[in-house]
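Please take a moment to look over the sequence and the model before reading on. The briefing that follows moves from the whole chain to its sheets, helices and one chosen residue.

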Amino acid sequence: NQKPARARGLPATSRDVIRLTMEKDAAGRWSCPVLNKPFGDYSKIVAVDLRDGTANVYSYEAVEELNLKAKNYEDLISGKAFDRRKDLIVLQDPKDEVFEKLRDINNFAYVKRMREEGETTTAGGGGSGSNVKMSVTATRVMDQLKESKKKRALEEKEDAKKKKKRAKERNEDTDDPPNDDDDDTFITTEEVNGTKMTTGRCSGSLTCSTMGISHGNDSRRATSEEILSARFLAMKKLKKKGYVRLVTNKGDIDVELHCDIVPRTTTNFLGLASQGFYDGSVFHRSIKNFMIQGGKPAKKREERSVWGSAPFADEFDDRLKHDDRGVVSMANAGPGTNKCQFFITFKSCAHLDRKHSVFGKVINGFDALKAMEEVPTLSLQDDVPVRKIKIKSIQVLVNPAAEAEESEKERIRQVRKENERLRLERKALALGRSNATNHQSMLDSGDIVESKEGSMPAVGKYLPKNALHNLIQDSGGSKNRADNSGQTTILNPVPAAPILRPSAPQNRKMGFGDFSSW
């Protein structure tokens with residue numbers, strides 16, 4: 001606590017600092033030790049200076065009733081005498097606006113002085129504008145923040161350039177302004193999983209006065225996770241395994257990937273391998289009779305997945321276990337932290353089940369795997385191989401992820417065509433027009449047929465004569481009448497339904513009788 005004189009900028013020493021003794025209630029809130037009443041934002045709080053560098057904190061209500069009104073100027077806890085004018089320190093008084101303004105740290109003299117110095121230095125083109133000496137750790141953190149801020153600004157600038165370039169390429173042959181809705185990447189939830197979900201603008205404009213008025217329930221754009229989930233489902237339905245070849249300095253290793261069981265993990269591995277991400281990397285960790293770990297990017301590049309720097313979730317399946325030599329699994333730093341690193345087992349490791357995602361197995365190249373295992377490490381504590389075990393390249397032989405992606409795009413195109421066809425049919429029916437197929441089906445059903453002029457459909461019992469010619473011939477004794485326009489009116493009334501009369505009631509004898517029928 002600082003006395004008001006110190007807060008105004010006067011010199012202060014360590015003797016001027018007073019240590020406050022405060023109490024907490026059972027809920028952990030600061031409270032008055034006498035009234036057991038917790039302090040709030042509107043409580044008047046005072047402290048009694050004991051002249052020994054400490055002060056006891058009370059509610060002003062307790063001091064007023066037990067000390068000031070009773071003229072008992074002794075501390076309520078220690079019993080030491082105090083001066084009501086010099087030793088009574090007001091810590092908080094919501095009713096005193098001037099005092100509360102003095103308590104605001106932004107109004108302290110040294111804060112004002114630092115602010116003025118900072119503004120002067122900044123105006124003169126100086127540095128940070130602060131004369132506060134930071135520790136080594138704080139300086140390093142601030143430097144990292146500045147670097148990350150610069151990096152983020154450069155990335156945003158690059159993204160803006162890429163978006164501008166794509167928009168220019170998309171609209172180079174047209175004068176229309178760019179529209180994201182016209183892009184092939186705009187995929188709705190109905191096209192992805194068959195569930196129609198709207199943007200919510202229509203209902204929001206009905207209930208919220210701050211939103212603009214909207215009259216249409218536009219379909220919501222599918223999220224990247226929804227699109228990936230549909231693609232992974234297509235991979236499972238495809239029921240195909242993936243195959244890659246690891247070309248190393250110890251030999252080639254052929255790996256079978258379980259794309260039909262763990263599509264997310266295999267898509268990540270196949271995507272990184274297709275991009276050449278693993279080319280030139282090394283197996284940086286090897287433990288004999290356990291496993292060898294690799295996938296760490298070369299040239300000190302940042303670890304990432306095929307979808308970016310964010311990690312992706314684990315994929316576990318009871319059919320895939322660390323139960324043999326040559327099992328390929330993801331390395332991680334905990335649940336849901338998979339990126340690019342993987343390992344190959346030298347023996348069964350049951351304790352890794354449901355902790356690391358198994359996504360493949362070695363089917364050929366066990367001699368190369370044995371040669372890797374025989375490379376010694378620097379020491380028992382250090383798992384780094386003495387000689388580099390390098391991945392020259394990874395050749396993708398069979399890629400079900402790419403096939404599933406193409407099949408999913410084709411499925412979405414077919415869904416769009418079908419939706420467009422249904423939309424045009426509904427529009428035609430609403431305008432009273434239809435195509436030839438619908439004309440024929442409606443003519444066969446006898447509901448709607450074209451009139452003689454062919455402009456508007458004839459509805460009801462007035463039908464063209466030629467349309468009902470065969471029907472009239474087959475009816476034989478039907479009575480009909482033709483007018484001068486060629487229209488035929490069927491005069492036969494619809495046969496009335498037969499009238500069912502109730503039968504005469506039968507006299508039945510009611511009684512118990514002799515109970516023989518029971």
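## A hairpin as a starting point

Thr-248 has Gly-251, a residue of strand S8, as its bridge partner. The model in which this pairing appears is a predicted one, and the chain it describes contains 13 helices and 19 strands. The points below are grouped by topic, beginning with the two strands that this bridge joins.

**Strand S7 and its two partners**

- Strand S7 covers residues 242-248 and strand S8 covers residues 251-257, and the two run antiparallel to each other, joined by 7 bridges.
- Together S7 and S8 make a hairpin, in which 2 residues lie between the strands.
- S7 is also joined to strand S14 (residues 391-398) by 6 bridges, and this pair likewise runs antiparallel.
- Within the pairing of S7 and S14, Val-244 is found opposite Val-396 of S14.
- Because 5 of the 7 residues of S7 are buried, this strand is largely enclosed by the rest of the structure.
- As background, the strands of a sheet pair through backbone hydrogen bonds, and the pairing may be either parallel or antiparallel.

**The open sheet**

- An open sheet is built from 4 strands in the order S1-S5-S4-S6, and its pairing is mixed.
- Strand S1 (19-21) and strand S6 (88-92) occupy the edges with a single partner strand each, so one side of each is left without a neighbour in the sheet.
- From one strand to the next, the twist averages 35°.
- S1 pairs with strand S5 (residues 54-59) in the parallel sense over 3 bridges, and Leu-20 stands opposite Ala-55 of S5.
- Helix H2, made of residues 60-68, lies across strand S4 (45-49), S5 and S6, and runs at about 95° to S5.

**Two helices that pack together**

- Helix H8 (residues 224-238) packs against helix H9 (residues 263-274) at an angle of about 100°, and the two axes are 9 Å apart.
- H8 and H9 are therefore roughly perpendicular to each other.
- On the H8 side, the residues that meet H9 are Glu-225, Phe-232, Met-235 and Lys-236, while Pro-263, Arg-264, Thr-266 and Thr-267 meet them from H9.

**Nonpolar cores**

- The largest nonpolar core has 41 residues, and of these Tyr-278 and Phe-342 touch the most other members.
- A second core, separate from that one, has 18 residues, among them Ala-55, Val-63, Phe-82 and Leu-88.

**One buried residue, Glu-373**

- Is Glu-373 buried or exposed? Its relative accessibility is 10%, and since buried means under 20%, Glu-373 counts as buried.
- Glu-373 belongs to helix H10, which covers residues 366-373.
- Apart from its neighbours within four places in sequence, Glu-373 is in contact with Lys-288, Asn-289, Arg-325 and Phe-346.
- Glu-373 and Asn-289 are 84 residues apart along the chain, yet their C-alpha atoms are separated by 7.9 Å.

**The chain as a whole**

- Of the 518 residues in the chain, 28% are buried.
- When contacts between residues at least 6 apart in sequence are considered, 59% of them join residues at least 24 apart.
- The chain has an accessible surface of about 35,600 Å², and 52% of this surface belongs to carbon and sulfur atoms.

Key
Residues numbered from 1 in each chain as written. Predicted model: local features only at pLDDT ≥ 70, side-chain atom pairs only at ≥ 80, totals over all residues. Heavy atoms only, no water. Core = buried A, V, L, I, M, F, W, Y, C linked by side-chain atoms within 4.5 Å. Buried < 20%, exposed > 50% of the residue type's maximum accessible area, 1.4 Å probe, protein only. Pairing = 2+ DSSP bridges. Contact = heavy atoms within 4.5 Å. Areas by Shrake-Rupley, 256 points an atom, 1.4 Å probe, with all protein chains shown as cover. Axes fitted to C-alpha atoms, helices over the stretch in contact; angles between N-to-C directions. Parallel < 35°, antiparallel > 145°, perpendicular 65-115°, else oblique.
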